[in-house]
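Reader: I'm new to this one and would love a close look at a single part. Could you walk me through the largest cavity, and then whatever else is worth a glance?

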Amino acid sequence: MCEFHNPINCIVPPHMVDVLMLRGDASVRKMAEGLVKIGSAVREARAAEQGSGMVPRDGAQGVFVSRALAEGAAAAHTCDRRVHDGEEKAGLPGKLVRAEGDPATGDPEVDRAYDGAGDVFSLYSEEFQRNSIDGFGMPIVQTVHHRRDYNNAFWNGTQMAYGDGDGEIFSTFTELSVIAHEISHGVVQHSGGLIYQGQSGALNESYADVFGAMTAQRSAGQSVYEADWLVGKGILGPNINGKALRSMKAPGTAYSDALLGQDPQPYHMDFYVDTTSDNGGVHINSGIPNHAFYLYCMYLGGNSWERPGQIWYKALQNINNPHATFGDWAAETLDAAIELHGIGSYEMLMLRRAWNLVGIDV
Amino acid sequence: MEPVLVGCVAMIIEVVSQGGFGGLTGVQVTRRAVVEDLPSAAQEQYCARFDPGHLSELAAVVRPLGAADTISYEITVVDEEGARHHFVLDETLLPAELLDLIDALPRAR
Ligand SMILES: [Zn+2]
């Protein structure tokens, strides 16, 4: 299940240089400019020698793919979970209360975070041959009871943190789809990244929701037809009128409440929301690719982590474009479907249909 | 006799939080206080941590690459002269001590 380890040295992959130049302060941009001057051949040689997360794609000089994918199945993966108690303060990671192999603590937040991370590790290891968040056995560090009445859960670039909620809007965040969502943001980061703004940010969000739902389905042994396709089920406060935070089956219907308003997620490009808030609507427009994944699963049947999940995961490893639009992502999933199942295959044709149904021509 | 604090007792701090995992764009939590109304033991901390010069330095730092679902804080400080200083800061850029001070501010919603 959750059992192996292998450390990694990292250099900055080329697309990350682009990101650093885009988003870094003056000193970071200067460093990034220096990296641009290093030729791609040198980078490829370095990647091969130093065990970077990104390596050249076979037969395509200068094109990088995630090493976690290029290396294929790991012989042995080790799960290293570390759950900390933030004790309602903001300091991270807080006090270590349950390390790998430790018995249950009796604190439901701690134990759900521990067990949930095990389910996520198991999904990535057994179904996608990925050894933890970075592909190389990175410890899965989580903090529960983060801050006081804190209505949020996040990935901060190195670890997950979960608040307890204020009891009014949220009652908890240690629900399996949420844990898998946050850990999957780490997987995105260590697979080349998707800039957290606009469409690429919504794709980052959607990948996290897709793998959040997938983890919950696998853990419950549910086929795509048995699943409820909800993200954050049961985490809302007791008086909130809503069943979850998001619905992949019917984006826009997860909640309708006097305090929260109406779930704002669209299911089609016709209803794409142009906004400056929420990093350009990353949690809003993610409804569109979320729904495409759901529709595709309905066409294929079976389990989400099988054919659909394999295509989505391969697309993430191959896309090599942190600024990807919905169209770029759809095209990458189609390439992945062709690579895995062949041109003209049912899997390819139904995928094109799913994207078309949400208003994306591919 | 209460110790007399010089410097920022009349300073007004307002913090509006938005964003996060929920994507609840319609829900903003506002916290607001005049420093002299806060517990006297904490007033110096508020003065130091919410000093506009200090916040400017924090605002110059880049948000960690890959971070997701973090909360954004819109912080407005009205100083002794009545000048308004406005900052938008991701929670990953704020020291833990400052975040704890935000959590202790009274809610104005
Ligand atoms: Zn997220």
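Author: Here is a walk through the largest cavity, followed by a disulfide and a helix. This is a predicted model, where local features need pLDDT of at least 70, side-chain atom pairs count only at pLDDT 80 or more, and totals for chains, interfaces and linings use all residues. Residues are numbered from 1 along each chain as its sequence is written, chains are lettered from A and ligands numbered from 1 in the order in which they are written, and side-chain values use heavy atoms, with hydrogens and water left out.

Let's start with the cavity. A cavity here is a set of points, on a 1 Å grid over the protein atoms alone, where a 1.4 Å probe fits but cannot get out; lining residues have an atom within 4 Å of a point. Volume is the space filled by probe spheres set on those points, which are joined across faces, edges and corners. The structure has 4 cavities of 30 Å³ or more, and the largest holds about 340 Å³ of space. Its lining takes 24 residues, and those nearest the centre are Asn151(A), Ser17(B), Gly19(B), Val29(B) and Ile71(B). Two or more lining residues each come from strands E1 (12-19), E2 (29-34) and E3 (71-78) and helix H3 (96-104), all of chain B. These are DSSP runs numbered from the N terminus: helices (H or I) of at least four residues, strands (E) of at least two. E1(B) gives the largest share, 4 residues. By class, the lining has 10 nonpolar, 7 polar and 7 charged residues; nonpolar means Ala, Val, Leu, Ile, Met, Phe, Trp, Tyr, Cys and Pro, charged means Asp, Glu, Lys and Arg, and the others, Gly among them, are polar.

Chain B also has a disulfide, between Cys8(B) and Cys47(B), with sulfur atoms 1.6 Å apart; the rule asks for a pair of cysteine sulfur atoms within 2.5 Å. Cys8(B) sits in the segment before E1 and Cys47(B) in helix H1 (residues 40-49), 39 residues apart, so the pair links distant parts of the chain. The S-S torsion is about -80°, so the disulfide is left-handed. Cys8(B) is buried at 8% relative accessibility, and Cys47(B) is buried too, at 16%; buried means under 20% relative accessible area, exposed over 50%, partly exposed in between (1.4 Å probe, protein chains only).

Last, over in chain A, helix H7(A) (residues 198-220) has 19 of its 23 residues buried. Just after H7(A), Gly221(A) takes a positive phi of about 65°.

Conventions
On a 1 Å grid over the protein atoms alone, a cavity is a set of points where a 1.4 Å probe fits but cannot get out, and a pocket is an open set with protein on both sides within 12 Å along at least five of seven lines; lining residues have an atom within 4 Å of a point.
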